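Thank you all for coming. I would like to walk you through one model this morning, beginning with a single residue and working outwards from there.

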Amino acid sequence: MRNQSVLERVRAQAQAALGDDTLMVEDVKVSAAGAHSLVRITIDLADGPGGVDLDQIGEISQKISAGLDTIADDLPARYTLEVTTPGATRWLKTPRHYRRTAGHDVEFWVDGTRHIGAVTEADDQQVCFIVNDERTCYPYSRIEKARIHLAL
């Protein structure tokens with residue numbers, strides 16, 4: 001384990017603490033925050049629609065904290081652990097992100113033009129939307145950027 005970076009060790013401990021394959025570690029960041037450091041671990045469902053609720057985050061935080069205790073020598077002396085989810089405003093970058101938004105409106109750009117449509121399906125090559133009552137599919141390479149459309 002000594003050859004792994006601190007981020008890799010934190011990620012491995014966090015993923016082990018999650019247990020089954022329904023949850024995954026999306027991102028790990030360790031950053032200085034004054035005299036302390038901040039260890040931020042972003043978790044998400046491994047695939048499909050749904051979400052992680054606050055009770056789950058609380059339970060998971062305790063498990064991850066216990067896992068990090070086993071690698072305490074590799075971590076900053078004083079740190080704050082923050083376990084979070086990506087949130088509704090994250091940019092969609094992977095097929096898994098699109099599958100997680102199935103049934104929701106997504107704001108996306110193709111050829112410089114902004115569209116809003118509901119995700120109907122997403123596989124490893126393309127994502128399909130209902131835009132203006134018509135089904136339209138795009139390979140991921142054509143989508144310049146996308147995120148969940150929040151109607152206020």
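Please start by finding D44, which is buried, since its relative accessible area is 2% and the cut-off for calling a residue buried is under 20%. This is a predicted model, and I ask you to keep that in mind throughout. D44 sits in strand β2, and what interests me is the company its side chain keeps there. One polar contact runs from the side chain of D44 to the side chain of R96, at 3.3 Å, and another runs from the side chain of D44 to the side chain of R100, at 2.7 Å. If we set aside the neighbours within four places in sequence, the residues in contact with D44 are T22, L23, M24, E26, V52, P86, R90, R96 and R100.

Let me follow one of those contacts back to T22, which is located in the loop between α1 and β1. Is T22 buried or exposed? It falls between the two, being partly exposed with a relative accessible area of 46%. Beyond the residues up to four places away in sequence, T22 touches D44, L45 and A46. As a sense of scale, T22 and L75 are 53 residues apart along the chain, and their C-alpha atoms are separated by 27 Å.

Now let us step back to the whole chain. It has 3 helices and 8 strands, and, read along the sequence, these follow the pattern α-β-β-α-β-α-β-β-β-β-β. Along its principal axes the C-alpha trace spans about 55 × 35 × 30 Å, and buried residues account for 34% of the 152 residues in the chain. If we take the contacts between residues at least 6 apart in sequence, 49% of them join residues at least 24 apart.

The strand that holds D44 belongs to an open sheet of 3 strands, in the order β1-β2-β3 and with mixed pairing. Because β1 and β3 stand at the edges, with a single partner strand each, one side of each is left without a neighbour in the sheet. From one strand to the next, the twist averages 15°. Between β1 and β2, which run antiparallel, there are 10 bridges, and A33 stands opposite H36 in β2. Across β1 and β2 lies α1, which runs at about 140° to β1. Helix α2 also packs on the sheet, where it touches β1, β2 and β3, and its direction makes about 140° with that of β3.

That brings me to α2 itself, which covers residues 54-69. What span should we expect for its 16 residues? At 1.5 Å a residue the helix should span 22 Å, and its end C-alpha atoms are 23 Å apart, which agrees. At the start of α2, a side-chain oxygen of D53 comes to within 3.1 Å of the backbone nitrogen of D55.

Which residues of α2 are buried? They are I57, I60, I64, G67 and L68. These residues cover an arc of only 90° around the axis, which puts them on the same side of α2. The general background is that an α-helix has 3.6 residues a turn, so residues three or four places apart point the same way. The buried residues of α2 pack against α1 (6-18), β1 (23-33), β2 (36-45) and β3 (79-84), while the face turned away from that buried side carries the exposed residues D55, Q62 and D69.

Finally, I would like to point out two loop residues further along. D111 is found in the loop between β4 (105-110) and β5 (113-122), and its phi is near 55°, a positive value in a residue other than glycine. D111 is exposed, with a relative accessible area of 55%. N132, in the loop between β6 (126-131) and β7 (134-139), has a positive phi of about 50° although it is not a glycine. N132 is exposed too, and its relative accessible area is 72%.

If you keep one picture from this talk, let it be D44 in strand β2, buried at a relative accessible area of 2%, with side-chain polar contacts to R96 and to R100.

Methods:
Residues are numbered from 1 along each chain as its sequence is written. This is a predicted model: local features need pLDDT of at least 70, side-chain atom pairs count only at pLDDT 80 or more; totals for chains, interfaces and linings use all residues. Side-chain values use heavy atoms; hydrogens and water are left out. Helices (H or I, at least four residues) and strands (E, at least two) are DSSP runs, numbered from the N terminus. The expected span of a helix is 1.5 Å times one less than its number of residues. Buried means under 20% relative accessible area, exposed over 50%, partly exposed in between (1.4 Å probe, protein chains only). The arc is that of the directions from the helix axis to the C-beta atoms. Contact means heavy atoms within 4.5 Å. A polar contact is a pair of N or O atoms within 3.5 Å; within protein, one must be able to donate a hydrogen and the other to accept it, and residues adjacent in sequence count only if both atoms are side-chain atoms. Two strands pair if DSSP finds at least two bridges between them. Axes are lines fitted to C-alpha atoms, for helices over the stretch in contact, and angles run from 0 to 180 degrees between N-to-C directions.
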